[in-house]
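Here are my notes on the model you sent, set out as numbered points. Please read them with the structure open.

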Amino acid sequence: MKDNIERIKNLSLLKSLSEEVIISNLTKRKFKIASYKKNSIIHFEGERCTKIEIILSGRIVIDSIDEDGKLLTISNFYNNDILGCNLVFSKNPYYPMTISTQLDSEILEIEKDVLFDLFVENRDFLQIFLEMISDNAFILSGKIKYYANKTLREKIMNYLDYECKKQGSNHIRLPITKKALAERMGVARTSLSRELGKMREEGVIEFDRDTITLLR
């Protein structure tokens, strides 16, 4: 338990809690440490969020599942990051995407009712929690704005770079249809085809029905 106490004390959210409070919550199983193997599903899309989870070790990813069942990683989380803080008190507390592990991982789980008791008992803890929610919302809105302001070509290149790394080759087999790819990028199928045609004319790519080769 001593090792767990030290790890918990070093978490940004819990730094205002005394060692006695941490020990008490661990002993009473109000703080629970869960272990997951690599490539394990932690939460499925649509699952209800009833707790926050603070990463103690490993790497967690949020994945979007497309219509063909393929996974596209949206975001990565590491030690000290928190899952569920923007959902646990929501009127619609359901995970919008799948959450899984990319490495063996350990997570500290704190249920909603335990979290609320800590708010009441410790004003500093509440303040830190609210600051972290605000920071997370700001970062997320920045990511959305950044993506929304990208040109269609930039979105295509980002997607191709991702698939090249994933497949280990500049000649990639498309895991989804071009129609699905267009929908993911928020454009019409004809707009995607037109931009791909321009990129081929400029010597950036070659493509056929099922593959795209990045020439640069």
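1. Strand E8 (residues 105-111) is joined to E1 by six bridges, and the two strands run antiparallel. The model is a predicted one. Within this pairing, isoleucine 110 of E8 has phenylalanine 31 standing opposite.

2. The pair E1 and E8 belongs to an open sheet of four strands, in the order E1-E8-E3-E6, with antiparallel pairing. Strand E1 (31-36) and strand E6 (82-83) are at the edges; each has a single partner strand, so one side of each has no neighbour in the sheet.

3. Isoleucine 110 deserves a look from the side-chain point of view as well. Setting aside residues up to four places away in sequence, isoleucine 110 touches Leu14, Lys30, Phe31, Lys51, Ile52, Ile54 and Leu115. Phe31, which stands opposite isoleucine 110 in the strand pairing, is thus also on the list of residues that isoleucine 110 touches.

4. Which residues have the most contacts inside the largest nonpolar core? They are Leu13, Leu14, Phe31, Ile52, Leu108 and Ile110, in a core of 38 residues. A second core, separate from that one, has 21 residues, among them Leu152, Met157, Leu160 and Leu192.

5. Isoleucine 22 is in helix H2 (residues 19-27). Is isoleucine 22 buried or exposed? Its relative accessible area is 0%, so isoleucine 22 counts as buried, the cut-off for that class being under 20%. Apart from neighbours within four places in sequence, isoleucine 22 is in contact with Ile5, Ile8, Lys9, Leu17 and Phe31. For one of these, isoleucine 8, the C-alpha to C-alpha distance from isoleucine 22 is 7.7 Å, with their positions 14 residues apart in sequence.

6. Lysine 9, one of the contacts of isoleucine 22, takes part in two of the salt bridges described here. With glutamate 6, the N to O distance is 3.7 Å. Lysine 9 and glutamate 6 are three residues apart in helix H1, so about one helical turn separates them. With glutamate 19, the N to O distance is 3.2 Å. Because glutamate 19 lies in helix H2 and lysine 9 in helix H1, this pair ties together parts that are ten residues apart in sequence.

7. On accessibility, the residues of point 6 fall as follows. Lysine 9 is partly exposed, at a relative accessible area of 32%. Glutamate 6 is partly exposed at 35%, and glutamate 19 is partly exposed at 36%.

8. Helix H1 (residues 2-9) also holds aspartate 3 and arginine 7, four residues apart, about one turn of the helix. Their side chains meet in a salt bridge with an N to O distance of 3.9 Å. The cut-off for a salt bridge is 4 Å, so a reader checking this pair should keep the 3.9 Å value in mind. Aspartate 3 is exposed, with a relative accessible area of 53%, whereas arginine 7 is partly exposed at 21%.

9. Asp3 and Arg7 are linked with Glu106 in a network of salt bridges. By the rule used, the count of salt bridges comes to seven. As general background, side chains of opposite charge can pair when their charged atoms come close.

10. Where on the surface is there a nonpolar patch? Phe89, Phe116 and Val120 make one of about 310 Å². Of these, valine 120 is found in helix H3 (residues 112-121). Valine 120 is exposed, with a relative accessible area of 62%.

11. Some totals for the chain may help to place the points above. The protein chain has seven helices and eleven strands. Of its 216 residues, 38% are buried. Among contacts with a separation of 6 or more, 70% are between residues 24 or more positions apart. The exposed area of the chain is about 12,700 Å², of which carbon and sulfur atoms supply 52%.

Technical notes: Residues numbered from 1 in each chain as written. Predicted model: local features only at pLDDT ≥ 70, side-chain atom pairs only at ≥ 80, totals over all residues. Heavy atoms only, no water. Core = buried A, V, L, I, M, F, W, Y, C linked by side-chain atoms within 4.5 Å. Buried < 20%, exposed > 50% of the residue type's maximum accessible area, 1.4 Å probe, protein only. Contact = heavy atoms within 4.5 Å. Patch = residues over 30% accessible without salt bridge, like charges linked within 9 Å, V, L, I, M, F, W, Y side chains within 5 Å. Areas by Shrake-Rupley, 256 points an atom, 1.4 Å probe, with all protein chains shown as cover. Pairing = 2+ DSSP bridges.
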